[in-house]
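The following note is meant for a colleague who is meeting this structure for the first time. Its points are best read beside the sequence and the model.

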Amino acid sequence: MKHVDAVSNAPYLHMCLSPRSKPTSDEAAGWTVAQVLDHAEGHCLPEMVKGIKAVKELCGQHGLRLIAYEGGQHLVGVGGGQDNDKLTALFHAANRHPRMGEIYRKYHDAWRDACGDLFCTFSSIGKYSKWGSWGLAESWDQTPDDCPKLKATLDWNRANPLKNEPPRIEGLADAKAKVGEPFKLAARITDDGKSRMPVIVSWSSSAPDAVAFSNARSPETELRFTTGGTYTLLLRASDGFARSEKAITVKVIHVDME
Ligand SMILES: [Ca+2]
């Protein structure tokens, strides 16, 4: 029995500074924005890559996926460091600096190259405080041009599409059925697996009261029609990101009308 499908980590660009860290929060409070960004790019980024590679290797040994449940920059005072107002202002300025966008591009590239699986950015929109500068944007009325981190992330996504195709539905055609008699439908569904999600299917009918499905969540189902008529049956298939659908017409007649 398989108990684990994936390992999830939080590969942040860690810069948690306290009065006891190296450098200390007081030392770093005297830095320029450029020095903070140099440290993020020159020290935190390679450290993050080292960490991902180690976990990825371990996951590979056990046939497990590695996914990031959250990540992003992590410039924040901790253990008392959050009360150094100069440090907080410096971290906020670094987060708003155009170079932070460049670091985000390199950061997303690094995750792609070292792992390449799902990565959840924390967070979309959030106000900066002494507890961190988490939002890609700081408020809802900002545009990507106002926010280097947001612009870099959106641009990166566009430049690195998932290339996921929706599931393919085959083997279905218009048909005839008889009232009260079981009628089988069996679709063939294939998917490229790029979304890494199981394909979910569902049947629906233009006249829900006139038809009963033995399993409306399976590509193969038995149906029973209670009244005659012409009905549209729809099969939907979703891989979690992309969806496809196929409609067929079923003409249902009473047995004594043959
Ligand atoms: Ca797919």
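**Notes on the predicted model**

1. The model is predicted. Its largest nonpolar core has 25 residues, and those touching the most other members are Val-36, Ala-40, Leu-75, Phe-91 and Ala-94. At least two residues of this core come from each of strand S2 (13-17), helix H2 (33-61), strand S3 (65-71), strand S4 (73-77), helix H3 (85-96) and H4. In soluble globular proteins, nonpolar side chains tend to be buried together.

2. Ala-40 deserves a separate look. Neighbours within four places in sequence set aside, Ala-40 is in contact with Leu-13, Met-15, Leu-45, Gln-73, Leu-75 and Ile-103.

3. A second core, separate from the largest one, has 9 residues, including Ala-177, Phe-225, Tyr-231 and Leu-233.

4. Which side chains of S2 are buried, and which are not? Leu-13, Met-15 and Leu-17 point to one face and are buried, whereas His-14 and Cys-16 point to the other face and are not. In a regular strand the side chains alternate between the two faces of the sheet. S2 runs parallel to S4, and 5 bridges join the two strands. Within this pairing, Leu-13 stands opposite Gln-73 of S4.

5. An open sheet of 3 strands follows the order S1-S3-S5, with parallel pairing. Strand S1 (6-9) and strand S5 (119-121) are the edge strands, each pairing on one side only. From one strand to the next the twist averages 15°. The parallel pairing of S1 with S3 extends over 4 bridges, and Ala-6 has Arg-65 in S3 as its bridge partner. Helix H2 lies across S1 and S3, and runs at about 145° to S3.

6. Tyr-69 is a residue of strand S3. Is Tyr-69 buried or partly exposed? Tyr-69 counts as partly exposed because 14 C-beta neighbours lie inside 10 Å, while 20 or more would be required for a buried residue. Apart from neighbours within four places in sequence, Tyr-69 is in contact with Ser-8, Ala-10 and Cys-120. The C-alpha atoms of Tyr-69 and Thr-121 are separated by 8.0 Å, although the two residues are 52 residues apart along the chain.

7. Another open sheet has 4 strands in the order S7-S14-S13-S10, and its pairing is mixed. Strand S7 (175-178) and strand S10 (200-205) each have a single partner strand and stand at the edges, so one side of each is left without a neighbour in the sheet. Direction ignored, neighbouring strands of this sheet are turned by 30° against each other on average. S10 and strand S13 (residues 229-238) run antiparallel and are joined by 6 bridges. Ser-205 stands opposite Leu-233 in S13; Leu-233 is also one of the residues of the second core.

8. The last point concerns a pair of helices. The axes of helix H4 (residues 98-114) and helix H5 (residues 148-159) come within 7 Å and cross at roughly 35°, and the crossing is right-handed. On the H4 side the contact is made by Pro-98, Met-100, Gly-101, Tyr-104, Arg-105 and His-108. On the H5 side Pro-148, Lys-149, Lys-151, Ala-152, Thr-153 and Trp-156 take part. By class, this contact has 6 nonpolar, 3 polar and 3 charged residues.

Conventions
Residues are numbered from 1 along each chain as its sequence is written. This is a predicted model: local features need pLDDT of at least 70, side-chain atom pairs count only at pLDDT 80 or more; totals for chains, interfaces and linings use all residues. Axes are lines fitted to C-alpha atoms, for helices over the stretch in contact, and angles run from 0 to 180 degrees between N-to-C directions. A crossing is left-handed if the near helix is turned anticlockwise from the far one by less than a right angle, and right-handed if clockwise. Two residues are in contact if their C-beta atoms, placed from the backbone, lie within 7 Å. Ala, Val, Leu, Ile, Met, Phe, Trp, Tyr, Cys and Pro count as nonpolar, Asp, Glu, Lys and Arg as charged, and the others, Gly among them, as polar. A nonpolar core is a set of buried Ala, Val, Leu, Ile, Met, Phe, Trp, Tyr and Cys residues joined through C-beta atoms within 7 Å. A residue is buried if 20 or more other C-beta atoms lie within 10 Å of its own, exposed if 12 or fewer, and partly exposed in between; C-beta atoms are placed from the backbone. Two strands pair if DSSP finds at least two bridges between them.
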